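This report describes the architecture of a single protein chain, from its overall form down to selected residues. Please consult the sequence and the structure shown below while reading.

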Amino acid sequence: MTDYHNPVMLQQCIEGLNIKPDGIYVDVTFGGGGHSREILKCLGPKGRLLAFDQDSDAQNNLPKDDRLTFIDQNFRYLKNNCRLQGAIPADGILADLGVSSHQFDQPERGFSIRFDADLDMRMDQGGLLTAKQVVNTYSEEQLHRIFGIYGEIKNAKTLAQTLVNQRLNKSIDTVEELKKAISKLIPKGKENKYLAQVFQALRIEVNQELEALKEFLEQSVDVLKTQGRLVVMSYHSLEDRLVKNFIAKGKFQGEVEKDFFGNQIKPLESITRKAIVASEEEIKLNNRARSAKLRIAEKN
Ligand SMILES: C[S@@+](CC[C@H](N)C(=O)[O-])C[C@H]1O[C@@H](n2cnc3c(N)ncnc32)[C@H](O)[C@@H]1O
C-alpha cells in the first residue's frame, strides 16, 4: 500500500495473470505500481514487464528494475508500443481502469468534488481537452448525451440546458462555479451522489475513457499469445459492460460470429463464470474496492 494508490484485489489479479517466471507481461495502468511490483516479484531474471500510464506523475513510483520498461502513453496505443518493444506475443495483460487515488486527492487536478480547482480532469496532463472546455463549448445536445449516458443522470436534459444558460453570463471555470451553476438541480440529501455522477460523466468524456477501453480490448487479442491471460478491473457499469461483452462475444454489441459449421468464433474464453468482487474485509480497508469488478479471460 502507498499514499499514491492502494491496489485493489491484488492477489486475485496476480492469480488471474497465471504468471510464468520467464513470461512477458503488460500492466497498462501502472499508477502507484502496486500491481506491477507484485508481478515483478513473480517474474524470474528473464521475465519482462511493460508498464503504461498516461499520467506523468506515475513515473515517480517506478522501481529500479531492468526487467521493467515504462511507456508514458495511453493504452489505446497498446499494440504499436508492444510491437516496438518486441513484446508480442505477451503472456498476460492487466488493466486496472479509471483514476488513481492520487489523481482524486490532488486538488489542482480538478477530479474531486471535495476541492475547489480549475475544471481540468485530464489524466494525461498534456491532453488537449479539459472539463472546462466540455462545460463551456459543448452544445446542449452533446452535454445532454454525456450526462445521460456517462453519468446516468435522470435530469440530464435540464442539467445541460442549465449549463448552457449559465455560461451565457460568464464561463464556468472552476469546481465551485460548476457546483453553484447547477445547485438548484441537485436533489436534497443526495448532493454527493449527484455531483459524483456529474463529475464521472465529465471525466469519462475528457479522457475518452470508453473509446480508449474499446481500442485497448480489441488490440489486446493481437498482443496476447494463445492461452495468454487478459485481466481487467473496472469501476462502473459502462466499462464493465464493454469488458463483459468483449470477453463473451469478441465484440461490443450484437451476437457472437459463427463459422460455416455453426461454431462460435471468439478470441477469448472467460475463466470465471461471473465477475470477481472484493471481499468485505478488503472493502472495509479500502472503500475504492467497493465498486470493483474483475474479469479474467484466456486467449483461444
Ligand atoms: C486505478 S489506477 C491504477 C493503479 C495501479 N494498479 C496501482 O496498483 O497503483 C489507474 C491508472 O491508470 C492510468 N490510466 C487510466 N486510463 C489510462 C489510459 N487510457 N492509458 C494509460 N493510462 C491510463 C491512470 O493515469 C492511473 O494512474
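The sections below proceed from the whole chain to its domains, its cores and individual sites.

## Overall form

The structure discussed here is a predicted model. The protein chain contains 12 helices and nine strands. Its radius of gyration is 20 Å, close to the 19 Å that the globule rule gives for 300 residues, so the chain is as compact as a globular protein of that length. Along the principal axes, the C-alpha atoms occupy a box of roughly 60 × 50 × 40 Å.

Of the 300 residues in the chain, 54% are buried. Among contacts with a separation of 6 or more, 65% are between residues 24 or more positions apart.

## Domains

The domain assignment divides the chain into domain 1 (10-101 + 209-299) and domain 2 (130-206). Domain 1 is thus given as two segments, with domain 2 falling between them in the numbering. The centres of the two domains, taken over C-alpha atoms, are separated by 31 Å. Contact between the domains involves eight residues of domain 1 and six residues of domain 2.

## Nonpolar cores

The largest nonpolar core comprises 67 residues, and those with the most contacts inside it are Phe147, Val198 and Phe216. Helix 9 (residues 191-206) gives the most to this core, contributing eight residues. Both domain 1 (10-101 + 209-299) and domain 2 (130-206) supply residues to the core, so it lies between them.

Phe216 touches Val28, Phe75, Leu78, Ile93, Ala95, Leu230 and Val232, leaving aside residues up to four places away in sequence. There is also a second, separate core of 26 residues, which includes Leu94, Val231, Tyr235 and Ala278.

## Helix 2 and its packing

Helix 2 spans residues 34-42, and its buried residues are Gly34, His35, Ser36, Glu38, Ile39 and Leu40. These buried residues pack against helix 1 (10-17) and against four strands: strand 1 (24-27), strand 2 (48-52), strand 4 (90-96) and strand 5 (224-234).

## The segment linking the domains

Ile113 is found in the loop between helix 4 (101-105) and helix 5 (131-137). Ile113 counts as buried because its relative accessibility is 19%, and the cut-off for burial is under 20%. Leaving aside neighbours within four places in sequence, Ile113 is in contact with Val175, Lys179, Asn192, Leu195 and Phe199. The C-alpha atoms of Ile113 and Val198 are 9.8 Å apart, although 85 residues separate them along the chain.

Asn207 is placed in the loop between helix 9 and helix 10 (209-223). With a relative accessibility of 10%, Asn207 also counts as buried. A polar atom of the Asn207 side chain lies 2.8 Å from the backbone nitrogen of Met123. Beyond residues up to four places away in sequence, Asn207 touches Phe111, Met121, Arg122, Met123 and Asp124.

## Arg295 in strand 9

Is Arg295 buried or exposed? Arg295 is buried, with a relative accessible area of 14%. This residue belongs to strand 9 (residues 293-299).

Which side chain forms a polar contact with that of Arg295? The partner is Asp240, and the polar contact between the two side chains is 2.7 Å. Asp240 also appears among the residues that Arg295 touches, together with Leu230, Val231, Val232, Val243, Lys244, Ile247, Lys274 and Ala275; residues up to four places away in sequence are not counted. Within this set, Leu230 and Val232 are also touched by Phe216, and Val231 is a member of the second core.

## Cysteines

How many disulfides are counted in the model? The count is zero. Cys13 is in no disulfide, since its nearest cysteine sulfur, that of Cys42, is 12 Å away, whereas a disulfide requires sulfur atoms within 2.5 Å. Cys13 is buried, at 0% relative accessibility.

For Cys82, the closest cysteine sulfur is that of Cys13, at 18 Å, which is too far for a bond. Cys82 likewise counts as buried, with 0% relative accessibility.

Technical notes
Residues numbered from 1 in each chain as written. Predicted model: local features only at pLDDT ≥ 70, side-chain atom pairs only at ≥ 80, totals over all residues. Heavy atoms only, no water. Helix = DSSP H or I, 4+ residues; strand = E, 2+ residues; numbered from the N terminus. Buried < 20%, exposed > 50% of the residue type's maximum accessible area, 1.4 Å probe, protein only. Polar contact = N/O pair within 3.5 Å; in protein donor to acceptor, adjacent residues only side chain to side chain. Contact = heavy atoms within 4.5 Å. Core = buried A, V, L, I, M, F, W, Y, C linked by side-chain atoms within 4.5 Å. Domains from an automatic or database assignment. Rg over C-alpha atoms; globule rule 2.2 N^0.38 Å.
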